[in-house]
Amino acid sequence: MDPTGISQVAVGTGDGIPFLTLLFLVPVLGMLVTLFIPKDKNEVIKTVAAIATGIPLLIACYLWINFDYSNTAMHWVEKVSWIKSFNIEYHVGIDGLSIPLVFLTCLLLFIAVFSSWNIDKLKGGAKGYFMLLLLLEVGIVGVFISLDFFLFYVFWEIMLLPMYFLIGIWGGPRREYAAIKFFLYTLVGSVLMLVAMIALYLTAEPHTFNILTLTELGRNGQLSGDNLVNGGLLLGMQFSKWIWMFFFIGFAIKVPVFPFHTWLPDAHVEAPTAISVILAGILLKLGAYGIFRINFGIFPEATRYFADFLAVLGMINIVYGALVAMAQTDFKKLVAYSSVSHMGYVLLGAAAFTDAGMIGANLQLFNHGTSSAMLFLLVGVIYDRAHHRDINGFGGLASRMPRYMGFAIVGIFASLGLPGLAGFVSEALCLLGAWEVYPLLTVISLSGLIVTAAFFLWTIQRIFLGPLNEKYKDMPDADGREIFCLVPLAFLCVLLGVFPYLLIDWMWPSLQNLLSFLQ
Amino acid sequence: MLAEYLNDLHYIWPEVVLTVGILLALFSDLILGGKDQKITGIISLLCTALVLYFVLRLRAEGGSHDVFGIVVVDPFALLFKLIAGIGLLVVVFYAVFFREFDRDGIGEFYAMILSSTLGIFFLVSTDNLLFLFLALEMLSITSYVLAGFLKGQQRSSEAALKYVVYGALSSGVMVFGFSILFGMAGSLNLSEMGAFVAAHIGGEFGAAITVSLVMILVGFCFKIAAFPFHFWCPDVYEGAPTPVTTFLAVCSKTAGFGLILRFMNDVFISGGMPVAEWGGEVALLLGVMAAATMTYGNITAIKQDNLKRLLAYSSIAHAGYLLMGVAAFFAAIKGDGRYASTTGMGTVDAVVFYLIAYLLMNLGAFGVVMYLANRYGRETVEDYRGLGWKAPYACSFMVIFLLSLTGLPPTVGFIGKMKLFVAVIDQGMYWLALVAALNSVVALFYYFRIAKYLFFKDAVTEGIEARGGRIQGLFVCMLCVLGLATLYYGIYWGPIDEAVRAALP
């Protein structure tokens with residue numbers, strides 16, 4: 001293996017079947033097919049959407065099973081020259097860092113189709129909705145599999161458009177505001193990323209967008225900008241640190257890291273259920289993935305320089321998110337702020353550069369993806385019935401909706417970190433890893449954990465326990481379709497709580513490789 | 001002698017056809033007695049197609065030719081003729097469908113717009129200062145008339161008057177600059193002037209040369225509506241009939257940049273200008289101007305409600321982006337006296353590429369505006385409420401054009417913007433790239449305000465009747481072609497890249 005630990009040799013080529021391309025090509029085809037279906041044929045449209053998200057899910061399962069996790073190289077690599085004059089390639093592949101997220105994406109998109117099965121009863125109809133949903137899948141999957149920076153950026157931006165329309169057309173009362181706020185915030189990050197990406201491209205000799213090559217160059221210290229005018233010192237800071245900063249802001253807005261988080265409550269609250277699920281479950285992970293792949297991967301030195309800064313931001317996220325969540329009476333807003341808090345663990349754990357912290361951070365990405373997706377689905381279920389989300393407006397639902405409550409308990413306890421469920425493992429590992437390096441920050445962060453437990457338990461109490469609110473005495477329990485959406489997520493929450501190594505084994509070699517340049 | 005002249009004629013066939021087209025348009029107007037104007041439009045359309053054919057044939061032949069000693073037919077000129085020709089084709093197509101042109105005596109419009117294009121064709125293919133000025137005036141004067149074409153409308157007349165006053169002033173300043181330069185250099189040939197400038201910029205003529213160049217720059221900046229010479233632009237764009245607005249925004253601006261690039265090339269590169277100590281300052285000046293232009297255009301566009309006015313401000317912003325490339329050009333020649341920047345991607349490349357992107361997306365956006373005005377009689381953002389659900393195809397294409405105008409992938413506008421960013425970042429002008437990047441965010445806000453009204457709002461008045469019938473379906477086909485081109489070249493822009501590179505010396 002070469003000294004930088006990056007091997008560009010492909011493994012598991014899939015016998016000539018371009019699995020990774022199919023991951024986003026199938027949704028594209030689904031979109032095109034949907035385009036030609038008359039708009040009153042709702043059942044056909046929904047079936048096409050289910051198939052177009054189902055096939056990628058099957059592929060993702062196949063990839064998961066056949067993934068050779070002992071090898072840190074990229075798997076199922078496809079590489080074709082695209083634009084010669086810019087040295088841009090169509091270059092995709094996945095490793096331990098991206099495979100859990102690819103799987104999560106395919107799963108949640110599939111669930112999203114079923115959770116929005118009744119969308120055709122709303123204004124706008126099913127046709128546009130499902131086309132945009134499929135486009136969203138194209139963008140998200142594309143980002144996780146791209147190994148060419150240009151490609152990465154294109155997919156990153158493709159995601160924004162469907163999100164904007166999905167929130168803006170099918171969202172709640174303040175949807176227009178939320179949609180444009182989401183778009184503007186993310187775009188600020190994206191354009192900074194674009195500038196940084198081009199600067200990086202021009203600094204690399206020979207100019208390249210290949211992320212693997214850039215990683216190699218970065219780890220050898222060839223991207224520090226020493227060859228630039230003034231030794232790369234711009235306004236008193238080294239070129240590579242500026243680039244790191246620009247990338248970080250771009251990704252931090254997506255995570256979201258305090259103080260860039262203000263778009264999140266609006267977008268989450270106004271978005272329709274399925275879109276909230278995708279937002280919380282995957283979109284937030286994109287930011288963190290970007291930080292790991294780009295910031296940690298390409299700029300280990302700058303990352304070390306900014307480590308304390310990251311840890312402090314993580315701590316703020318945890319405590320601030322939890323405290324704000326505590327003050328919410330809107331169930332959806334509460335879950336949204338709890339996401340801010342949960343993403344803080346990722347930053348805190350990763351910033352420590354310890355084995356436990358790094359594993360915890362990446363595990364947390366996946367686990368938060370399942371538990372928060374579940375919570376948003378649950379909010380959607382109750383909202384469909386009661387048409388409001390005021391936590392104080394319910395009471396005693398346990399007797400009316402036992403099945404619903406069962407899932408809610410799993411989701412909420414997984415989220416607050418009850419041992420035996422997924423959230424516990426990842427959060428404990430994050431804190432454990434961080435403790436070695438930042439004991440003080442870890443102690444402060446623990447208070448966030450307590451606040452989280454408090455507001456979630458209080459929520460359970462207000463919604464499910466106490467005397468039954470007479471208004472809801474005929475509330476039907478979760479139906480088959482809703483349970484179908486919830487079961488896989490609940491299953492993963494329990495499974496990964498008991499057997500976390502099912503995920504850790506897949507990620508560990510890649511993470512180890514990443515860490516070896518950070519420690 | 002005569003044989004030589006006839007031989008030379010071969011290289012200006014496009015111009016000859018245009019001239020014939022002008023005459024045909026005028027005569028058909030007389031013959032038809034101003035009755036069925038669509039026929040005149042279709043004749044013009046065929047002429048334009050023929051012009052494009054000849055341009056393409058000349059491009060295939062290649063080579064650089066000097067015609068009559070004043071017209072230069074080289075790949076650069078032909079590329080700009082191609083851009084302007086495509087623009088003209090689409091504009092004439094739009095005009096045939098334009099509702100407000102459905103009346104008698106409108107045939108002159110086609111004669112005028114063809115004359116205007118003739119001006120553009122000569123403008124981008126001459127190295128003679130006098131001829132350049134004549135061509136520019138041919139373009140300008142016909143544009144003034146075109147802007148005021150809807151005689152009955154006060155807005156249109158106001159637009160024409162404003163255009164004339166500003167235009168005359170800036171032409172005057174520019175021609176004054178020309179005359180100073182000519183008086184010193186004693187030649188009208190751009191390259192010879194360049195040689196003179198190169199030899200004397202550091203000497204006793206230095207101040208006079210600088211003054212004259214600044215005056216010429218004023219004239220050019222007026223043409224491209226760069227801040228602070230943009231004041232005519234919003235009023236003219238709003239008041240002029242929409243096909244004319246499209247023509248001004250697309251063809252006229254392309255001509256302006258073609259002019260700037262040729263002037264730069266002939267005076268600064270062919271002349272062998274040693275601008276080492278000078279290029280940096282010009283780059284800074286142009287950079288500041290670019291930043292001011294795009295910021296002003298974008299910020300002002302936010303509060304606009306009339307679509308044409310909004311697109312006018314947006315076109316000012318785009319002029320700013322384009323100027324960024326020109327600034328990078330000067331920064332680049334400061335380096336080693338050549339404009340091939342270190343990446344091997346010329347800064348001029350980026351400008352021309354962006355012009356092509358700008359052509360596609362602006363033609364498209366104006367097309368949708370015109371379509372919605374034709375069909376539903378709506379022309380303000382507020383009035384667009386819920387139209388997206390009534391005209392889903394046209395409005396979906398609008399979203400593509402808006403994406404491209406904002407500069408988001410996968411559209412050709414994004415690639416253009418990226419190339420400009422590469423050009424300026426390569427010259428170390430990080431601040432300019434940053435300003436431009438943040439400007440896209442501002443741009444997003446007002447562009448997607450349109451999308452918001454189209455799709456997010458419920459229609460206020462149900463049952464607005466669509467006018468125009470089935471024939472408007474053809475219009476949507478044109479929008480479809482432009483939309484798909486915007487997407488296609490956003491994903492695979494190699495062909496445009498090669499065409500641009502082949503056209504530059």
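**View 1. Helices α4 and α5 of chain B in this predicted model, shown at their mutual contact.** The axes of α4(B), residues 75-97, and α5(B), residues 107-123, come within 10 Å and cross at roughly 170°, where axes are lines fitted to C-alpha atoms, for helices over the stretch in contact, and angles run from 0 to 180 degrees between N-to-C directions. That angle makes α4(B) roughly antiparallel to α5(B), given that angles under 35 degrees count as roughly parallel, over 145 as roughly antiparallel, 65 to 115 as roughly perpendicular and the rest as oblique. Helices (H or I, at least four residues) and strands (E, at least two) are DSSP runs, numbered from the N terminus. On the α4(B) side the contact is made by K81(B), A84(B), L88(B), V91(B), V92(B) and A95(B), and on the α5(B) side by F109(B), Y110(B), I113(B), T117(B), I120(B) and F121(B); two residues are in contact if their C-beta atoms, placed from the backbone, lie within 7 Å. By class, this contact has 10 nonpolar, one polar and one charged residues, with Ala, Val, Leu, Ile, Met, Phe, Trp, Tyr, Cys and Pro counted as nonpolar, Asp, Glu, Lys and Arg as charged, and the others, Gly among them, as polar.

Residues are numbered from 1 along each chain as its sequence is written, and chains are lettered from A and ligands numbered from 1 in the order in which they are written. Because the model is predicted, local features need pLDDT of at least 70 and side-chain atom pairs count only at pLDDT 80 or more, whereas totals for chains, interfaces and linings use all residues.

**View 2. Helices α11 and α15 of chain A at their crossing.** The axes of α11(A), residues 273-298, and α15(A), residues 355-386, come within 8 Å and cross at roughly 160°, and the two helices are therefore roughly antiparallel to each other. Their crossing is right-handed; a crossing is left-handed if the near helix is turned anticlockwise from the far one by less than a right angle, and right-handed if clockwise. Residues of α11(A) in this contact include T273(A), V277(A), G281(A) and K285(A), which belong to a group meeting residues of α15(A) that include L365(A), G369(A), F376(A) and G380(A). The classes represented in the contact of α11(A) with α15(A) are eight nonpolar, six polar and one charged residues.

**View 3. L279(A) within helix α11 of chain A.** L279(A) counts as buried, with 23 C-beta neighbours inside 10 Å, since a residue is buried if 20 or more other C-beta atoms lie within 10 Å of its own, exposed if 12 or fewer, and partly exposed in between, with C-beta atoms placed from the backbone. When residues up to four places away in sequence are not counted, L279(A) touches A267(A), H268(A) and A271(A).

**View 4. The side of chain B that touches chain A.** Here 28 residues of chain B are in contact with 27 residues of chain A. The elements of chain B that give two or more residues to this side are α17 (412-426), α18 (430-456) and α20 (494-503), and the largest share, 13 residues, comes from α18(B). By class, this side of chain B has 21 nonpolar, four polar and three charged residues.

**View 5. Loops with cis peptide bonds or positive phi values.** Most residues other than glycine have a negative phi, and most peptide bonds are trans. In chain A, a cis peptide bond with omega of about -5° joins E205(A) and P206(A), and P206(A) lies in the loop between α7 (175-203) and α8 (211-219). A cis peptide bond also joins V255(A) and P256(A), with omega about -10°, and P256(A) has its place in the loop between α9 (239-254) and α10 (263-270) of chain A. N87(A), which is not a glycine, has a positive phi of about 60° and is found in the loop between β1 (75-83) and β2 (88-94) of chain A; with 19 other C-beta atoms within 10 Å, N87(A) is partly exposed. In chain B, phi of A225(B) is positive, near 55°, and this residue, in the loop between α9 (206-224) and α10 (232-239), counts as buried with 29 C-beta neighbours inside 10 Å.
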